[in-house]
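Below are some remarks on the model you sent, set out as numbered points. Please read them with the structure open.

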Amino acid sequence: MSRSFTTSREGVSDPSRETILEIRGLKKHFDLGGSFLDKLLGERGTVQAVDGVDLNIYEGEILAVVGESGCGKSTLAKTILNLEEPTSGSVNYRGDDITGLEEKEMRSYRKEMQMIFQDPGGSLNPRKTIGTILTTPLKVHGIGDSKEEREEIAKTALEDAGLEASHFNRYPRQFSGGQQQRVGLARALALEPDLLVADEPVSKLDVSVQAQILNRLLDLQSEYNLSMMFIAHDLSVVRHIADRVAVMYLGQVVEVAPVEELFENPQHPYTRSLLSAVPRVDPRAGDDRITLEGTVPTPIDPPSGCRFHTRCPAVIPPESWTHDQTLFKAAFTYRIALGNEEVEVGSIRDRIEVGDREASDDEVVQYMLEHTYSGELDATPSGVLGTLKSATERYVDGERETATEMLREAFSSPCVDEHPSMVEALDGHVAACHRVDTEAPGERYPDA
Ligand SMILES: Nc1ncnc2c1ncn2[C@@H]1O[C@H](COP(=O)(O)OP(=O)(O)OP(=O)(O)O)[C@@H](O)[C@H]1O
């Protein structure tokens with residue numbers, strides 16, 4: 001492997017464009033409290049919801065933030081807007097440091113930085129008319145000289161969002177979900193914000209309504225030169241709307257690229273997996289959440305090194321590895337499963353039917369190799385199989401640490417030991433992956 005590429009974090013702004021928002025090393029950890037024992041058991045501790053995010057949003061662009069449920073998208077949005085207090089890092093809005101500002105100090109920025117939420121109904125007070133919902137923020141921010149003027153602004157915003165001025169006197173319950181989302185949009189637009197943070201604004205709506213709202217957003221974005229952070233888990237929506245895309249995994253950004261570039265030439269193995277799942281999305285299924293192989297690790301105790309290593313199809317073998325990637329991935333996954341004690345010897349013993357007698361250790365070992373190890377036993381070279389077998393024997397014998405150590409030594413990976421920094425993968429396209437850092441573009445994924 002040859003190290004060659006210039007280290008370039010997304011944290012370096014593009015001087016040719018006006019940066020509206022500059023996020024640096026942003027962290028938001030939630031302390032769940034609990035005793036030391038709770039923490040050891042993973043039931044309490046600290047949720048690393050957002051853990052060191054660098055991002056820029058440029059004037060007039062739509063930056064989409066994507067990733068599986070729980071990866072920290074909403075927390076990122078709320079922390080940027082000081083709806084959550086950041087643990088560390090900084091947020092600059094048009095050059096002003098707004099990190100952790102109190103509500104009073106935030107007030108002048110609130111007008112310029114608006115957020116629309118996923119649940120349209122939940123963010124509208126059912127007892128207030130649409131008119132009151134729209135004009136109250138105008139009054140708070142001193143917009144419009146009179147009640148009549150504010151009413152006029154609110155009605156124009158309703159029309160901008162695709163509703164009618166006559167809806168002014170209605171109540172939220174008199175609207176469909178799609179219309180309620182338009183009210184949320186109108187409320188945000190009435191303040192003429194510079195930056196709109198939209199947290200999955202169409203995910204709860206029917207596909208046809210989604211398209212209408214998205215097209216409306218696109219029209220308004222170009223009409224008002226709005227900058228937007230658009231949070232989504234549906235990648236087809238992202239392709240339709242975004243200029244650039246940031247991909248998040250377990251609290252961190254792993255790749256940022258212009259939208260077509262990301263779809264045509266994804267560099268991070270996580271992005272590649274996400275995109276490969278797109279054709280599976282079936283609107284008739286009702287739930288279009290992306291699912292990947294393997295369980296998502298908990299953000300309370302995220303994996304060391306590259307956080308994606310436990311699920312990565314391209315996890316890097318040690319330099320001494322002479323076999324192919326598929327074999328390494330199978331052995332490595334086995335290492336992870338035993339290391340996390342995901343395999344219960346007792347329940348395997350119960351599961352194996354051997355007449356009246358209890359299954360022997362050898363039978364349990366064989367069962368684990370046949371069922372937990374995903375490689376083909378017949379095709380596994382004897383040296384590798386020997387290690388897998390010896391480690392499994394120790395594991396079944398109760399010597400878990402010895403077993404884990406044997407597997408760790410034989411199937412080591414830089415992905416476990418070192419955190420990858422964000423590097424320029426291709427022009428204007430950054431990714432945090434050891435493969436991207438060390439391999440030339442055409443050689444990054446030989447058979448992964
Ligand atoms: N107030 C909180 N206290 C403790 N943990 C929290 C809190 N808010 C969020 N989390 C945790 O932080 C992690 C990130 O959550 P977040 O809602 O930001 O993810 P997300 O990517 O927006 O998910 P989704 O797509 O499902 O909305 C999750 O593990 C979540 O359980």
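**Notes on the model**

1. Just after helix H2, Asn82 adopts a positive phi of about 60 degrees. Please bear in mind, here and in the points that follow, that this is a predicted model.

2. H2 itself, which spans residues 73–80, is mostly covered, with seven of its eight residues buried. The buried residues are Lys73, Ser74, Thr75, Leu76, Ala77, Thr79 and Ile80.

3. The four-stranded sheet deserves a careful look alongside this helix. The sheet is open and antiparallel in its pairing, with the strand order S2-S1-S4-S5. Because S2 and strand S5 (96–97) stand at the edges, each with a single partner strand, one side of each is left without a neighbour in the sheet. Strand S1 (residues 19–31) is joined to S2 in the antiparallel sense over ten bridges, and one of the pairings to inspect is that of Glu22, whose bridge partner in S2 is Asn56. H2 packs on this sheet, touching S1, S2 and strand S4 (88–93), and the direction of the helix makes about 65 degrees with that of S2.

4. Which elements each supply at least two residues of the shell around the ligand? They are strand S2 (46–58) and helix H2 (73–80), and the largest share, three residues, comes from H2. In total 13 residues surround the ligand, and the closest are Phe30, Ala49, Ser69, Ser74 and Thr75. Of these, Ser74 and Thr75 also appear among the buried residues of H2. By class, the shell is made up of five nonpolar, seven polar and one charged residues.

5. A second open sheet should be described separately, since its pairing is mixed: this sheet has eight strands in the order S6-S7-S8-S3-S9-S10-S12-S11. Its edge strands are S6 (113–116) and S11 (423–426), each of which pairs on one side only, and the twist averages 25 degrees from one strand to the next. At the S6 edge, S6 and strand S7 (residues 195–199) pair in the parallel sense over four bridges, and Ile116 has Ala198 in S7 as its bridge partner.

6. As for the overall division, the protein is split into domain 1 (19–282) and domain 2 (325–412). The C-alpha centres of domain 1 and domain 2 lie 46 Å apart.

How values were computed. Residues are numbered from 1 along each chain as its sequence is written. This is a predicted model: local features need pLDDT of at least 70, side-chain atom pairs count only at pLDDT 80 or more; totals for chains, interfaces and linings use all residues. Two strands pair if DSSP finds at least two bridges between them. Axes are lines fitted to C-alpha atoms, for helices over the stretch in contact, and angles run from 0 to 180 degrees between N-to-C directions. A residue is near a molecule or strand if its C-beta atom, placed from the backbone, lies within 6 Å of it. Ala, Val, Leu, Ile, Met, Phe, Trp, Tyr, Cys and Pro count as nonpolar, Asp, Glu, Lys and Arg as charged, and the others, Gly among them, as polar. Domain bounds come from an automatic or database domain assignment. A residue is buried if 20 or more other C-beta atoms lie within 10 Å of its own, exposed if 12 or fewer, and partly exposed in between; C-beta atoms are placed from the backbone. Two residues are in contact if their C-beta atoms, placed from the backbone, lie within 7 Å.
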